[in-house]
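Me: I am new to this structure and would like to understand how its terms are applied. Could you go through them with me, setting each value against its definition?

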Amino acid sequence: MTAEMLELLVCPVTHSRLRQEGEFLVAERGGLKYAVKDGIPILLPEQAILPEGVATLEEFKQRFVTK
């Protein structure tokens, strides 16, 4: 993934920037992890890996999404 592409992407849940960690893009706010497969980020919240201590996507949203 190029730096230019990474600059354009944000977490679809928190709208925070993403940073690359191996085969994942990780949201700066909350740490939601999105897989990158064949160079394509899979930015589907339902397929993201939740951070430790968070059981559901709904719980994640309650804790990390500002309105």
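**Salt bridges and exposure**

Reply: Arg19 has a relative accessibility of 36% and counts as partly exposed, because that term covers what lies between buried (under 20% relative accessible area) and exposed (over 50%), taken with a 1.4 Å probe and protein chains only. This is a predicted model, in which local features need pLDDT of at least 70 and side-chain atom pairs count only at pLDDT 80 or more, while totals for chains, interfaces and linings use all residues. Residues are numbered from 1 along each chain as its sequence is written, and side-chain values use heavy atoms, with hydrogens and water left out.

Me: What makes the contact between Arg19 and Glu21 a salt bridge?

Reply: The closest N and O atoms of Arg19 and Glu21 are 2.8 Å apart, and a salt bridge requires a side-chain nitrogen of Lys or Arg within 4 Å of a carboxyl oxygen of Asp or Glu, so the pair qualifies.

Me: Why is Glu7 called buried, partly exposed or exposed?

Reply: Glu7 has a relative accessible area of 54%, which is over the cut-off, and is therefore called exposed. Its salt-bridge partner is Arg17, at 2.8 Å from N to O, and Arg17, with 44% relative accessibility, counts as partly exposed.

Me: How do you know that Arg63 forms a salt bridge with Glu59?

Reply: The closest N and O atoms of Arg63 and Glu59 are 3.4 Å apart, which is within the limit, so the pair counts as a salt bridge. Glu59, at 26% relative accessible area, is partly exposed.
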